[in-house]
Amino acid sequence: MLIQFIPFFGPPQARVGFGILVWMVYWWITVAVDIKFTCLVPVILVAFYPYLPVEKVLQDYMHQHILLIVGATAVTAAWAKWGFAKRMALRFLLMFGNDTRKQMVGWFFLTGLVSFVMGNTPVAAIFAPIAAASLFYAGYETFESRWDSAAASNILIAVAWGASAGGMATPIGGGQAVVTLGFMEKYVGHEVFFLDWSLRMVPISLCVMVAMAAFMYFCMKPEVRLFKGSRNFYEEELKAMGPMSYEEKVVFWGFLAIVGLALLRPLYIEFIKGPFFKWLHPSPLFFIFAVCLFFFPSKDDQEKTILSIPILTRHFPVAVLFIWPGAIALGRILNQTGASAVVADWLEVFLHAGHLTTLAAFSIGSNLLSQVTSDTSAAGVMIPLVIKTFEGWGGLQFGAVPFIWVSGAALSWSYAVASSTGAQGIVAGFGVNLKRMFIYGILGGALSVLVTIVYFYVAIYLLQMDAYILPPSI
């Protein structure tokens, strides 16, 4: 309310936008109410004060990539139900033995690589229970014992941070990637292919993951060197699962086929033009495959089909249906009220402050916003702001493109607060020490931002790589 009387925040309409931003950020940080309810603040406010037409506010929650989020997450719910995710995790972790620090790094890379093709919330929802089960077998049987143990907390932290670090590597890696993709496509005026995106974002994601793995291994020291019996646990669990089931094969190969089609899309795009082939876009493809699983018969006696409403009820992270559209709506409302234009004026000074300063300012700003809100919400706010600020940078028609990559990457390294990603919120429920996660999360976020600044300074300013400077698919 006080913002409405402070001229620094621009004209009255823009102050409404800032008020909504501060309101939502405060509730996200303090968790004063359920995070899903926070995402409805723009709708609640318009009921009391029509700062925009009601229908326009409601439309702000809609986006063409909702099919991608729902479809991919539903398919990974089937992964969790039929055990494919557990099988993959167990095989991976057998390589790391009982060493507590090696297991931490192993969990980090496992969830990081899986989050290339899954959102951070479903990745954590799948792997956090497996990690907690292995810790139970190692002697950490209660919430309190995991909270009090640096070694146990490190494992749970690694699950959450890995899920976050890999989220921007592909367009389906998380809500923040989908939000950034949507704004990018609208800005450049054409589709951004899966392969074009991945070729640009996988390298920076891997650089950050390597730096974070080294930071975790050398700095986050546990109180014990070895877990007891963990390797035996993995072997026994894998043996008990038996060979890969029919249902596992269907959900794995179907998912892999769609990812393959998305990667190869530039090769066949010229042959599938027209409205009849719209369904071959990755967004509807994932949704169509998920729908098909509702009719695909299961060989299990207790389940008639591979995917069902009870399976979704148990394994689908409902919060994604609120957080992602809420972030989209917040970003659009900041644009429509003029708040983004005001912030763009504030940041305009950095356009002339030197290349490194400009890069650092927007990298740090994007990361700080994602730490106190969420990566998806930060994308909804920062990407439109970046487009507004850098629209004519370097005399280019699409001058904001390089800074979309920069901000999109930087806002993905949100590790400190339980509410900053769904992954952190999930592991918090399994007993991770939140103070430890916050302290090392701040340090890890700073390291990741530093890697981002160096990487893009070299790529954009020193090497002047067209891959990052020009719009993708050109």
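Let's start with Arg200, which is buried, with a relative accessible area of 9%. One thing to keep in mind as we go: this is a predicted model. Arg200 has a partner, Asp196, and the two form a salt bridge in which the closest N and O atoms are 3.9 Å apart. Both residues sit in helix H12, residues 194-219, and they are four residues apart, about one turn of the helix. Asp196 counts as buried as well, because its relative accessibility is 15% and the cut-off for buried is under 20%.

So how many salt bridges does the structure hold? There are three, and we have just met one of them.

Next, please find Glu248. Glu248 makes a salt bridge with Arg87, and here the closest N and O atoms are 2.8 Å apart. Where do these two residues lie? Glu248 is in helix H14, residues 246-268, while Arg87 is in helix H6, residues 84-93, so this pair ties together parts that are 161 residues apart in sequence. Are they buried or exposed? Glu248 counts as buried, at 2% relative accessibility, and Arg87 counts as buried too, at 7%.

Now for Glu303 and Lys81. Their side chains meet in a salt bridge, at 3.8 Å from N to O. Glu303 lies in the loop between helix H15 (282-293) and helix H16 (309-315), and Lys81 belongs to helix H5, residues 66-82, so the pair ties together parts that are 222 residues apart in sequence. Glu303 is buried, with a relative accessible area of 17%. Lys81, on the other hand, counts as partly exposed, because its relative accessibility is 30% and partly exposed runs between 20% and 50%.

Let's stay in that loop for a moment and look at Ser298. Ser298 is also found between H15 and H16, and at 14% relative accessibility it counts as buried. What does Ser298 touch, leaving aside its neighbours within four places in sequence? Its contacts are Trp82, Tyr246, Glu247, Glu303, Lys304, Thr305 and Ile306. You'll recognise Glu303 on that list, the residue whose side chain meets that of Lys81. For a sense of distance, pick out Gly429: its C-alpha atom is separated from that of Ser298 by 32 Å, and the two residues are 131 apart along the chain.

Now let's move along the chain to Ser363. You can find Ser363 in helix H19, residues 355-372. Ser363 counts as buried, at 0% relative accessibility. Beyond its neighbours within four places in sequence, Ser363 is in contact with Val406, Ala410, Val449, Thr452 and Ile453.

Thr452 gives us a nice link to the next stop, Ala409, which touches Thr452 too. Ala409 lies in helix H21, residues 401-410, and is buried, with a relative accessible area of 0%. Not counting residues up to four places away in sequence, Ala409 also touches Met168, Met201, Ile204 and Phe456. If you'd like another distance to try on the model, Ala409 and Val250 are 33 Å apart in space, C-alpha to C-alpha, and 159 residues apart in sequence.

What about empty space inside? A search of the whole structure finds one cavity of 30 Å³ or more. The largest cavity holds about 90 Å³ of space. Which residues lie nearest its centre? They are Pro171, Leu181, Val192, His281 and Pro282, out of 12 lining residues.

Last, let's come out to the surface. Leu450, Val454, Val458, Leu462, Leu463 and Met465 form a nonpolar patch there, with about 530 Å² of accessible area together. Within that patch, take a look at Leu463, in the loop between helix H23 (434-462) and helix H24 (466-469). Leu463 counts as exposed because its relative accessibility is 55%, and exposed means over 50%. Gln464 is found in the loop between H23 and H24 as well, and at 54% relative accessibility it also counts as exposed. Gln464 has one more detail for us: its phi is near 50°, a positive value in a residue other than glycine.

That's the tour, so please go ahead and turn the model around for yourselves.

Terms used: Residues are numbered from 1 along each chain as its sequence is written. This is a predicted model: local features need pLDDT of at least 70, side-chain atom pairs count only at pLDDT 80 or more; totals for chains, interfaces and linings use all residues. Side-chain values use heavy atoms; hydrogens and water are left out. Buried means under 20% relative accessible area, exposed over 50%, partly exposed in between (1.4 Å probe, protein chains only). Contact means heavy atoms within 4.5 Å. Patches are made of residues with over 30% relative accessible area and no salt bridge: like charges are joined within 9 Å, nonpolar side chains (Val, Leu, Ile, Met, Phe, Trp, Tyr) within 5 Å. Accessible areas come from the Shrake-Rupley method with a 1.4 Å probe; for residues, only the protein chains shown count as cover. A salt bridge is a side-chain nitrogen of Lys or Arg within 4 Å of a carboxyl oxygen of Asp or Glu. On a 1 Å grid over the protein atoms alone, a cavity is a set of points where a 1.4 Å probe fits but cannot get out, and a pocket is an open set with protein on both sides within 12 Å along at least five of seven lines; lining residues have an atom within 4 Å of a point. Grid points are joined across faces, edges and corners, and a volume is the space filled by probe spheres set on the points.
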